[in-house]
Structure formats: C-alpha cells, structure tokens
Amino acid sequence: MAKTKTAKTPPGVKQLPDGRYRLLVTTTDPRTKRKSYTERTLDHGTTLGQAVDARAELMAALKAGQTPSRKETPPTLGAYARSWLERHAERVGIETLRSYEHRLRLHILPAIGGLPLAEIRRSDLEGFLTTLERGKLAPRSQRKAWSVALDVIRDACVDFGLPDPSQRLGGPRAQPEPAGRALSREELTALTNAALGLAFGASAYVLVLAYTGLRRSEAACLRREDLDLASLDDAWLTVSRSKTRAGKGRRVPVPRPCAEALERHLATAPASP
C-alpha cells in the first residue's frame, strides 16, 4: 500500500498538529546589523498557498520598518529630528523624551535645524558649539544640548550611510563655576531687617536660610518637632531630610535672631506640624 506524501512547507512556514500554519519571519538590517523577528499563527482553513502569501506580506512589513535606504534623499536635520523623537518615544521615559524635545526646540533646531543632513560639515557643528558656549546657558545645559545634537546627527549618519562630521569633535569647554562668598556683617544685618518686615512665616524661612546654611528644600521640610528651643541662646534644628552625600541627618545651631523669628512664627501660626 503506497504512503500518502505530505506536502513540504517552505522555510518559515510550519504546519501545526491541528492543521493551522505558523509563520516565522526573521530579517537583518543590512547596515545596522540589527535582527528583527516576528511570528503569526493563521486561522483554521488557511491553505498552504495563502500561508506563503501571508509570510511574504509579513516580510515586507518587517523590512519597511528598517532604516531608510541609502538611495533615499536625506531630509533636513529638523525633519529627521521629528522622526527621531517618534522612534525614541517607545524607548525612553516621558521625562527623558520631554528633555529631548526641549533641547531640540530651544537650542538645536533654531541653529542647525534647516541644514540638509547630507550637507552638515564639521564647521557647522563647530559654529553651533561656539553658539552654545557664548549663550546664557549653564555649563550643564550646554553639555546636554550638545549631547542630544550629536545623538541625532550620528543616528542620521547611520540611517543614511553618511560620513559622521562630529568625529573627534570635543564638547563644550568646561567653564569655572562662579565662586560663592559669605555675606558681610552689614549685608547680613540688612537682610535681617528686610526679612523682619515680611510676614512671620516668610521672615522665619528667610532667616533660617541666612543663619543656618540649610538648603531651601531642607528648610521647607522642617516640622515643629525638629526645633529644640530650650532658650533663645540655645536653640537647635534637627535636619532629618538631608541631601548630604552621606544621606544622614544633622543638628544645626540656631543663632538668636533666627530663634526669635521662629518663636514668633510658632506662637502665631496655626497648630500645624
């Protein structure tokens, strides 16, 4: 008795025991070398020919999502940045994405957003770098804007097979932070007198900052139990919500002008912690 021959399925098409077909599609981006993978199980009643056609459609859809072809004309940096943001929307958090949008909209696109990607030269990036350094941005904001600009440009160079104009190009030069100084006796007296003219809550807050050296967030988080007011000449604050590197609380002495302001504030403030 002759055996019934089972039709061979092409690569990527597998027939399950229940008769359905499972499709498997794997492709590698020719330039980024990233592998993409997808699979789908078809419904009952699908023929082998329909399964082969469905796999071809899956393959086409997978390749359509790969990086653009080298033959495609590169757009401007601004147009590419929009698609770059859309791609990163699925990879990063919302706050990071907002940071990218902020740097692009305020600092990068106004300067070099109109340049075609294929025409961006090293001199263009050097000019942009000079603009960042001469602007009013803080050194940290300069570095972040420069980093986002390089990320966009380098991704575009990979996508379109362009030479990278940012190679061996350093970032913003480090700028010395302005040195702080202590207030003179006259300046501290003037600040105290001005603070005493404020409402009791604001007065106490300003004097705590001036006399104890607490950070704004630390002073704002103080509670009644953090104040040890044995006397106006022996007052202490316990800072339990510290931002120090050690992450530990500390006790801070409170000078008399500050202790007087705190005493008046607690006497007149509502019974709130």
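This report walks through a predicted model of a protein chain, from its overall make-up to its sheets, helices and a few single residues.

## The chain as a whole

Let's start with the broad picture. The secondary structure of the protein chain comes to nine helices and six strands. The chain has 273 residues, and 29% of them count as buried. Its exposed surface is about 18000 Å², with carbon and sulfur atoms supplying 53% of that area. If you take the contacts between residues at least 6 apart in sequence, 56% of them join residues at least 24 apart.

## The sheet of β1, β2 and β3

Strands β1, β2 and β3 form an open sheet in the order β1-β2-β3, and the pairing is antiparallel. Both β1 and β3 stand at the edges with a single partner strand each, so one side of each has no neighbour in the sheet. On average, neighbouring strands here are turned by 15° against each other, direction ignored. Helix α1 packs on this sheet and touches β1, β2 and β3, and the direction of α1 makes about 30° with that of β2.

Now for the pairings themselves. Strand β1 (residues 13-15) is joined to β2 in the antiparallel sense over three bridges. β2 and strand β3 (residues 35-41) are also antiparallel, and their pairing runs over seven bridges. In the hairpin of β1 and β2, five residues lie between the strands, and Gly 19 takes a positive phi near 95° there.

The table lists some bridge partners, including one pair from the other sheet, which is described further below.

| Residue | Partner | Strand of the partner |
|---|---|---|
| Gln 15 | Tyr 21 | β2 |
| Leu 24 | Glu 39 | β3 |
| Thr 28 | Lys 35 | β3 |
| Thr 238 | Arg 251 | β6 |

What are the two faces of strand β2 (residues 21-28) like? In a regular strand, side chains alternate between the two faces of the sheet. The covered face of β2 holds Tyr 21, Leu 23, Val 25 and Thr 27, while Arg 22, Leu 24, Thr 26 and Thr 28 make up the uncovered one.

## The sheet of β4, β5 and β6

The other sheet to look at is open as well, with three strands in the order β4-β5-β6 and antiparallel pairing. Its edges are β4 (227-231) and β6 (250-254); each has a single partner strand, so one side of each is left without a neighbour in the sheet. From one strand to the next, the twist averages 20°. Strand β5 (residues 234-239) runs antiparallel to β6, and five bridges join the two.

## Helix α5 and the loop after it

How far apart are the end C-alpha atoms of helix α5 (residues 139-160)? They are 32 Å apart, which agrees with the 32 Å that its 22 residues should span at 1.5 Å a residue. Just after α5 comes Gly 161, with a positive phi of about 65°.

Further along, Arg 168 lies in the loop between α5 and α6 (185-196). Arg 168 also has a positive phi, about 55°, although it is not a glycine. With a relative accessibility of 76%, Arg 168 counts as exposed because the cut-off for that class is over 50%.

## Two residues in contrasting settings

Ala 261 is found in helix α9 (residues 256-268). Is Ala 261 buried or exposed? Its relative accessible area is 2%, so Ala 261 falls under the 20% limit and is buried. Leaving aside residues up to four places away in sequence, Ala 261 touches Ser 203, Ala 204 and Leu 207. Ala 204 is 57 residues from Ala 261 in sequence, yet their C-alpha atoms are 5.1 Å apart in space.

Thr 73 sits in the loop between α1 (48-64) and α2 (77-88). At 66% relative accessibility, Thr 73 counts as exposed. Thr 73 and Leu 117 are 44 residues apart in sequence, and 9.3 Å apart in space from C-alpha to C-alpha.

## Cysteines

A disulfide is a covalent bond between the sulfur atoms of two cysteines. How many disulfides are there in this model? With a cut-off of 2.5 Å between cysteine sulfur atoms, the count comes to zero. As for their surroundings, Cys 221 is partly exposed, with a relative accessible area of 36%, whereas Cys 258 counts as buried at 0% relative accessibility.

Conventions: Residues numbered from 1 in each chain as written. Predicted model: local features only at pLDDT ≥ 70, side-chain atom pairs only at ≥ 80, totals over all residues. Heavy atoms only, no water. Buried < 20%, exposed > 50% of the residue type's maximum accessible area, 1.4 Å probe, protein only. Helix = DSSP H or I, 4+ residues; strand = E, 2+ residues; numbered from the N terminus. Expected span 1.5 Å × (residues − 1). Pairing = 2+ DSSP bridges. Axes fitted to C-alpha atoms, helices over the stretch in contact; angles between N-to-C directions. Contact = heavy atoms within 4.5 Å. Areas by Shrake-Rupley, 256 points an atom, 1.4 Å probe, with all protein chains shown as cover.
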